[in-house]
Amino acid sequence: TSNKTLPRIGVVYDLTSSIGIFSGYGEGMRLPSSGTYREPIKPSMSKQTEVGFKLKNWNGVYGTLAWFDLTRTNVSATCADVAVYACQVGKQNSKGVDLDLRWVMTNQLTGLFGYSNQNEKTVEDSRTPTNVGKPIYGVPDTTYRLGAQYDIRSGDLAGLGFGGGLRYHSKLPVNSSSNPDTGAVTLYDATVSYRVKDVKLGLAVNNLFDKK
C-alpha cells in the first residue's frame, strides 16, 4: 500500500485580453501496468515545473509556448541481465520547450502547428550505470507537426470537413544504451469528418504513405 499527497499549483496572469503568462508545478504517482517484475513494484513518481505564454485570439491565433522540466523516478525498463523481466531503475529528466498553436484563418480554414525540443537523459541507473547521461529510449529530441482543417459551413455539403498534415520526429534511440537509433522520419496524415448538430463523426488515416 502506497500513500502520498500530490501537490498541484498553477497561476495565470493576463497581460492583455489576448496574451497571458502562466506557471505551474505538479507531482504524480502511478504503478506500472505492464511487464513481469521479479521484485516488488514501487510507485513511479514524477515532478514537473513549467512556465510560459498563452495566446487567446491574438489576431486569430490561440496556443501556448512553454518551458518545462520533468523528472521521473522508479522508471520501468528491461533488465540488463535478464531481458524477459522488467526492472525499475533510477531517475530520468527531460527539459525543453513546447509550442502549440492554432490559427483560425477564416470561418472555414484552421491551421495547426506544434513544435517541441527537449534534452532528455538518464540521471541515475542503479542496474546499468553506463546509461547515465544517455538519451532516453523511444524519445526524440525534436518533433513538429503542421496541419490544416477545412470545414464547409454552408450549402448542401455543410458539416463536411477535410484535414491533413505532417508529423516529424528526430532519431529515436531504440534502447537505453542509445545504440542503434531509428533515424529521423516524416509521416503524413489525413482526416475527413462530418458534423450533424452537436455530433461529429471522423475518420483518420495516420502514416498515409506507409512509411517504415
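How many bridges join β5 to strand β6? The legends below start there, and the model they describe is predicted.

**Figure 1. Strands β5 and β6 pair in an antiparallel way.** The count is 14 bridges between β5 and β6. Strand β6 covers residues 109–124. A hairpin of 4 residues leads from β5 to β6. One bridge can be picked out by residue: D100 has G114 in β6 as its partner. Strands of a sheet pair through backbone hydrogen bonds, either parallel or antiparallel.

**Figure 2. Strand β4 meets β5, again in antiparallel fashion.** Strand β4 takes in residues 61–78, and β5 takes in residues 86–104. Here 17 bridges join the two strands. Two positions help to find the register. T73 faces K91 in β5. V75 has V89 of β5 as its bridge partner. In a regular strand the side chains alternate between the two faces of the sheet.

**Figure 3. N93 makes a side-chain contact with the backbone of L70.** N93 belongs to strand β5. Is N93 buried or exposed? It is buried, at 8% relative accessible area, because that value falls under the 20% limit. The N93 side chain comes to 3.2 Å from the backbone oxygen of L70.

**Figure 4. Ten strands make one open sheet.** The order is β1-β2-β3-β4-β5-β6-β7-β8-β9-β10, and the pairing is antiparallel. Which strands form the edges? They are β1 (8–14) and β10, each of which pairs on one side only. From one strand to the next, the twist averages 15 degrees.

**Figure 5. R102 places its charged end over the ring of Y62.** The distance to the ring centre is 4.7 Å. A second view takes R102 together with S33. S33 sits in the loop between β2 (19–30) and β3 (44–58). S33 is exposed, with 67% relative accessibility. How far apart are the C-alpha atoms of S33 and R102? They are separated by 34 Å, and the two residues are 69 residues apart along the chain.

**Figure 6. D189 and R167 form a salt bridge.** The closest N and O atoms lie 2.5 Å apart. This pair connects distant parts of the chain, with D189 in strand β9 (residues 185–196) and R167 in strand β8 (residues 160–169). In sequence, D189 and R167 are 22 residues apart. D189 is buried, at 14% relative accessible area. R167 is partly exposed, at 34%. Side chains of opposite charge can pair when their charged atoms come close.

**Figure 7. Two further salt bridges are R153 with D151 and D210 with K212.** How many salt bridges does the whole structure hold? The search finds 6. In the R153–D151 bridge, the closest N and O atoms are 3.9 Å apart. R153 is partly exposed at 46% relative accessibility, whereas D151 is buried at 15%. The D210–K212 bridge spans 3.7 Å, N to O. K212 is exposed, with a relative accessible area of 83%.

**Figure 8. Y144 and Y168 are a stacked aromatic pair.** The total comes to 2 aromatic pairs. In the Y144–Y168 pair, the ring centres are 5.0 Å apart and the planes differ by 20 degrees. Why does this pair tie together separate parts of the sequence? Y144 lies in strand β7 (residues 142–151) and Y168 in strand β8, so the pair joins parts that are 24 residues apart. Y144 is partly exposed at 32% relative accessible area. Y168 is also partly exposed, at 22%.

**Figure 9. Y188 and F209 form an edge-to-face pair.** Their ring centres are 5.7 Å apart, with 70 degrees between the planes. Y188 is in strand β9, while F209 is in the segment after β10 (199–205). The pair links distant parts of the chain, 21 residues apart. Y188 is partly exposed, with a relative accessible area of 38%. F209 is exposed, at 61%. A pair of aromatic rings is described by the distance of the centres and the angle of the planes.

Notes
Residues numbered from 1 in each chain as written. Predicted model: local features only at pLDDT ≥ 70, side-chain atom pairs only at ≥ 80, totals over all residues. Heavy atoms only, no water. Salt bridge = Lys/Arg side-chain N within 4 Å of Asp/Glu carboxyl O. Buried < 20%, exposed > 50% of the residue type's maximum accessible area, 1.4 Å probe, protein only. Phe/Tyr/Trp six-rings, centres within 6.5 Å; stacked < 30°, edge-to-face > 60°. Lys NZ or Arg CZ within 6 Å of the ring centre and 35° of its normal. Pairing = 2+ DSSP bridges. Axes fitted to C-alpha atoms, helices over the stretch in contact; angles between N-to-C directions. Polar contact = N/O pair within 3.5 Å; in protein donor to acceptor, adjacent residues only side chain to side chain.
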